[in-house]
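Me: I'd like a close look at one part of this protein, the end of the chain, and at how that part sits against everything else. Can you walk me through it in one go?

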Amino acid sequence: GGVASLAAQTKWWNSTTAGDFVGPDGETNVDRATWPGDVTLATASGSMTLLTLQPGAAGEDAWLDRANQGTNHGSDTTLILDGRNPQSRPVLRFDLSAVPAGAVIDDAVLGLYQSGGVGLSFTASVYQVTAQWDEAQVTWNDRLTGSPWAGAGGDWNPHVIAQITVDNTAGWRSWNITQVVDLWYRGRIPN
């Protein structure tokens, strides 16, 4: 025999509550028969469809600039993420209206292209923004013109949804955001 030791898992988050199993979601994708005593997800009916959502005309993106706290970057073509302190933070919102009614969110990935970098590698984390904001108005200090964030630099849930290490190499970066997209889609939390 061997010896195994288990450490507590601290990097993952399970957002499931009793409320997730009531209402229209019910048991539409639950299989109770395949393995008696266990609950599994049933095979979804129909084919899987890949849907790519980008901020574009229906979504919103901007970045919050600590060095220029009253400046709006909603029309910029590049988002800035700075791992020092941080000095700048992107904010994004996606229009989920293209997701068909009754869809099951199996996978959702946030992909951003990194065109350059300076300095040391750092951890880039995804958080849920918790206050309403507007792309054309948002700044480091204000979420809407004349309406400040509760804390300068944005209001967000401190729970880390996903994180990766970002270095100075150009290329695509991806974060698994399946749980939060599913919660947005089902209206459990605001997008």
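Reply: Let's start right at the end of the helix: just after α1, Gly 187 has a positive phi of about 75 degrees. This is a predicted model, by the way, so read the distances below as computed from it.

Now back up into the helix itself. The protein chain has 1 helix and 10 strands, and going from the N terminus the order is β-β-β-β-β-β-β-β-β-β-α. The helix α1 spans 178-185, and 6 of its 8 residues are buried, which leaves α1 mostly covered. Those buried residues are Thr 178, Val 180, Val 181, Asp 182, Leu 183 and Trp 184. Part of the cover over them comes from β10 (171-176). For background, 27% of the 191 residues in the protein chain count as buried.

What is the helix packed into? The largest nonpolar core has 18 residues, and Val 126, Trp 175, Ile 177, Val 180 and Val 181 are the ones with the most contacts inside it. Two or more residues of this core come from each of β6 (122-126), β9 (162-166) and α1. The largest share is that of α1, with 4 residues. Another core, of 8 residues, lies apart from this one, and among its members are Ala 62, Val 91, Trp 133 and Trp 140.

Trp 175 deserves a stop, as one of the core residues with the most contacts. Leaving out residues up to four places away in sequence, Trp 175 touches Ala 108, Val 109, Leu 110, Leu 112, Ala 124, Val 126, Ala 162, Gln 163 and Ile 164. Long-range contacts are a feature of the chain as a whole: of the contacts with a separation of 6 or more, 69% are between residues 24 or more positions apart.

Next, Thr 178, which lies in α1. Thr 178 has a relative accessible area of 14%, so it counts as buried. A polar atom of the Thr 178 side chain lies 2.9 Å from the backbone nitrogen of Ala 108. Setting aside residues up to four places away in sequence, Thr 178 touches Ile 105, Asp 106, Asp 107 and Ala 108. Ala 108 therefore turns up twice in this region, since it is in the contact list of Thr 178 and in that of Trp 175.

Then there are the charges. Side chains of opposite charge can pair when their charged atoms come close. Asp 182 and Arg 186 do this, with a salt bridge of 2.7 Å from N to O. Asp 182 is buried because its relative accessibility is 18%, under the 20% cut-off. Arg 186 has a relative accessible area of 23%, so it is partly exposed.

A second bridge sits a little earlier in the sequence, where the side chains of Asp 167 and Arg 173 meet at 3.3 Å, N to O. Here the acid is the partly exposed partner, since Asp 167 has 33% relative accessibility, whereas Arg 173 is buried at 14%.

The count of salt bridges comes to 3, and the remaining pair is Arg 93 with Glu 60, whose closest N and O atoms are 2.9 Å apart. That pair links distant parts of the chain, with Arg 93 in strand β4 (residues 88-93) and Glu 60 in strand β3 (residues 60-65), 33 residues apart. Both partners count as buried, because Arg 93 has a relative accessible area of 10% and Glu 60 is at 18%.

One more polar side chain is worth setting beside Thr 178. Asp 155 lies in the loop between β8 (147-148) and β9, and with a relative accessible area of 13% it is buried. The side chain of Asp 155 reaches two backbone nitrogens, that of Ala 150 at 2.9 Å and that of Gly 151 at 3.1 Å. Asp 155 touches Gln 128, Val 129, Thr 130, Ala 131, Trp 149 and Ala 150, again not counting residues up to four places away in sequence. Its C-alpha atom is 5.8 Å from that of Val 129, although the two residues are 26 apart along the chain.

To pull the helix together: α1 is mostly covered, gives 4 residues to the largest nonpolar core, and has a buried Thr 178 with a side-chain polar atom 2.9 Å from the backbone nitrogen of Ala 108.

Key
Residues are numbered from 1 along each chain as its sequence is written. This is a predicted model: local features need pLDDT of at least 70, side-chain atom pairs count only at pLDDT 80 or more; totals for chains, interfaces and linings use all residues. Side-chain values use heavy atoms; hydrogens and water are left out. Buried means under 20% relative accessible area, exposed over 50%, partly exposed in between (1.4 Å probe, protein chains only). Contact means heavy atoms within 4.5 Å. A salt bridge is a side-chain nitrogen of Lys or Arg within 4 Å of a carboxyl oxygen of Asp or Glu. A nonpolar core is a set of buried Ala, Val, Leu, Ile, Met, Phe, Trp, Tyr and Cys residues joined through side-chain atoms within 4.5 Å. A polar contact is a pair of N or O atoms within 3.5 Å; within protein, one must be able to donate a hydrogen and the other to accept it, and residues adjacent in sequence count only if both atoms are side-chain atoms.
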